[in-house]
Amino acid sequence: MGEFKMPSLGADMATGTLYEWSVAPGDRVKRGDVIAEVETDKGVIDVEIWEDGIVESLLVEAGTEVPVGAVLAIIRGEGEAAPTPEPEVVETVQASAEKAPPQAVRVPEPPQPATNGKRVRISPVARRRAQELEVDIRSVQGSGPGGAISLEDVEQAAAAAEEAEHLRVSPVARRMAEDLGIDLSKVSGSGPRGAITKADVECAAEKLRQQPETAPETVLEECVEEEKARQETAVPSPPVPAKEKPDFQTRMRRAIAAAMAKSNREIPHYYLETRIDVTRTLEWLEAENLKRSIKDRILPVVPLIKATAKALADVPEMNGFWINDELQVSEAIHIGFAVSLRQGGLVTPAIHNADMKSLDELMVDVRDVIMRTRAGRLRGSDLTDSTITLTSLGDMGVEKVYGVIYPPQVALVGFGRVIEQPWAENGMIGIRKIIAATLAGDHRASDGLRGARFLDALTKHLQEVETL
Amino acid sequence: MTTAVTMTDAELKALLLENLALIAPEADLDELSADADVRDMLDIDSFDFLNFLIAVNEQTGVDIPEADYGQLISLNDIIVYLKAHA
């Protein structure tokens, strides 16, 4: 019996909204099938299942926002009998009780004085506060575990008691009333929930001075009327913004902000850069593309992806995650390829197993992820699997990219624009096509020397284009 | 397949604009001058530009080798190119 849980679709994701189910109870599913759509800050994502089975039950309705890790559905394995849930639950409880560590055993609480024959569970802090505020704890409804009374419960009880006495007075108003010798019990409040404000006291004092003969009650009623009229004609306070979901743009910006802030807060970046002569690589690619119809042509970014993947195989420390204070190198090489969105923002879907694919296969993958990213049809695996990020800003005309690592990854490779430059080699000067490659590395996970090895390997693979 | 030969400049321009609108739906294409750098003006990256050329190729039958991409800067450039290579 498997549980299908709300996946974490990024380091910054805390909750997700189940947008729509693609399956119904009784449906047969197999590994890799999309079974639900989940709305995240990166748009609506198709989420896959990673086991074969039959959908037993869907536990969460469409439109529900749940935390990452919440169980969304139960998947029954092939051949597994239909469930008998009750005994199973009992077993689970027993098992966990047996396994419960000794420190989890509840320490008996010191006996509390009995009040009215009923034991009141209350924390010492709350008890002290209750004495200060003269709150009878027997009348307080506890909101803590087992009906225990918390400090907050006491405060609320005290506030409610005060409200009941119609004597909500702001501290300033109270001081002023004392100074002016005004009996607060005779002043009506115009503040929230009838609280007596400074203005109420001022007004009362003023009226009493002007008309000492009149009965104070009448005067003070006038005060409240005047204050109410003033509040009504005053510019209305801005309405409390309805708790509506920020638009997609805002949410994507916030998701990027959260991930990048975390990166710069936690990851000690080091940066290395090198210039690579790609003249031969591009000549080869042009000749190759000449043989192809326009649909099958390979974009220059594809050899960059492949060369990066091969260099990662040589220097695996750049490929993986920093988790629990240690580097977890990933054997699989899934390159997160930065795709910008026309409306702003970017997503870095994974090009899976890039080291094992031909340039043609990679071009198909690149096309696929760019199209799906821009159409808002990404899958969970696109977002979660990347083991490194590659960003190519050559189109935009910049020469170099100094990247911010996407946690928990440990490196980011950046490529700039191809530029014709005078290039000296073997005592000769020529005009060559040059691209700048940069590495942003996590210094917790690797050192500059290994980073340098990586860029060296990248150069070698990019220039040995026939073997890519 | 329609070929570029039988199309007027205005028809070709309409065809180009139609395909650009698919790539950059938010852009105001009426504002795009015929001499302006299309990729610059509409913020089109190399992937989108390739898709644009694939569509133009399919709809006009004109093959555009990669080496000629550099000649295709403005709408006028592309129209001239398509007519010359029809």
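How many salt bridges does the rule find across the interface of chain A and chain B? The count is 6, and this briefing starts from that contact before moving into chain A itself. Please keep in mind that the model is predicted. Chain A has 468 residues, of which 41% count as buried, and its secondary structure comprises 12 helices and 22 strands.

**Where chain A meets chain B**

- Chain A brings 17 residues to the contact, and chain B brings 23 residues.
- About 1,700 Å² is buried between chain A and chain B, with carbon and sulfur atoms giving 51% of that area.
- Three residues stand out on the chain A side: I294(A), R297(A) and R342(A) supply 42% of the area that chain A buries against chain B, more than any other three residues.
- The size of an interface is often given as the accessible area lost when the parts come together.

**Polar features of the interface**

- One salt bridge to look at joins R374(A) and D45(B), whose closest N and O atoms are 2.7 Å apart.
- Between chain A and chain B there are 10 residue pairs in polar contact, counting pairs with both residues at pLDDT 80 or more.
- Two elements of chain A, α8 (279-290) and α10 (359-375), give two or more residues to the side that touches chain B.
- Of the elements on that side, α10(A) gives the most, with 5 residues.
- Sorted by class, the side of chain A that touches chain B holds 9 nonpolar, 1 polar and 7 charged residues.

**A five-stranded sheet in chain A**

- In chain A, 5 strands form an open sheet with mixed pairing, in the order β7-β2-β4-β5-β18.
- At its edges are β7 (65-67) and β18 (378-379) of chain A, each of which pairs on one side only.
- Strands of a sheet pair through backbone hydrogen bonds, either parallel or antiparallel.
- β4(A) and β5(A) run antiparallel and are joined by 6 bridges; they form a hairpin with 2 residues between them.
- On the β18(A) side, strand β5 (residues 43-48) of chain A runs parallel to its partner, with 2 bridges joining the two.
- D46(A) takes part in both pairings: E37(A) has D46(A) as its bridge partner in β5(A), while R379(A) in β18(A) stands opposite D46(A).
- I45(A) has L378(A) of β18(A) standing opposite.
- Because 6 of the 6 residues of β5(A) are buried, this strand is largely enclosed by the rest of the structure.

**Two buried residues to inspect**

- V38(A) sits in strand β4 (residues 34-40) of chain A, and its relative accessible area is 0%, so V38(A) counts as buried.
- Outside its neighbours within four places in sequence, V38(A) is in contact with M6(A), L9(A), G16(A), T17(A), L18(A), Y19(A), G43(A), V44(A), I45(A) and V47(A).
- L18(A), one of these contacts, is 20 residues from V38(A) in sequence and 4.7 Å away in space, C-alpha to C-alpha.
- D442(A) belongs to strand β22 (residues 428-442) of chain A, and D442(A) counts as buried because its relative accessibility is 0%.
- Setting aside residues up to four places away in sequence, D442(A) touches I267(A), P268(A), Y270(A), W322(A), I405(A), Q409(A) and V410(A).

**Contacts across the sequence**

- Among contacts in chain A between residues at least 6 apart in sequence, 61% join residues at least 24 apart.

Technical notes
Residues numbered from 1 in each chain as written. Chains lettered and ligands numbered in written order. Predicted model: local features only at pLDDT ≥ 70, side-chain atom pairs only at ≥ 80, totals over all residues. Heavy atoms only, no water. Pairing = 2+ DSSP bridges. Helix = DSSP H or I, 4+ residues; strand = E, 2+ residues; numbered from the N terminus. Contact = heavy atoms within 4.5 Å. Buried area = accessible area lost by both parts, 1.4 Å probe. Salt bridge = Lys/Arg side-chain N within 4 Å of Asp/Glu carboxyl O. Polar contact = N/O pair within 3.5 Å; in protein donor to acceptor, adjacent residues only side chain to side chain. Nonpolar A, V, L, I, M, F, W, Y, C, P; charged D, E, K, R; others polar. Buried < 20%, exposed > 50% of the residue type's maximum accessible area, 1.4 Å probe, protein only.
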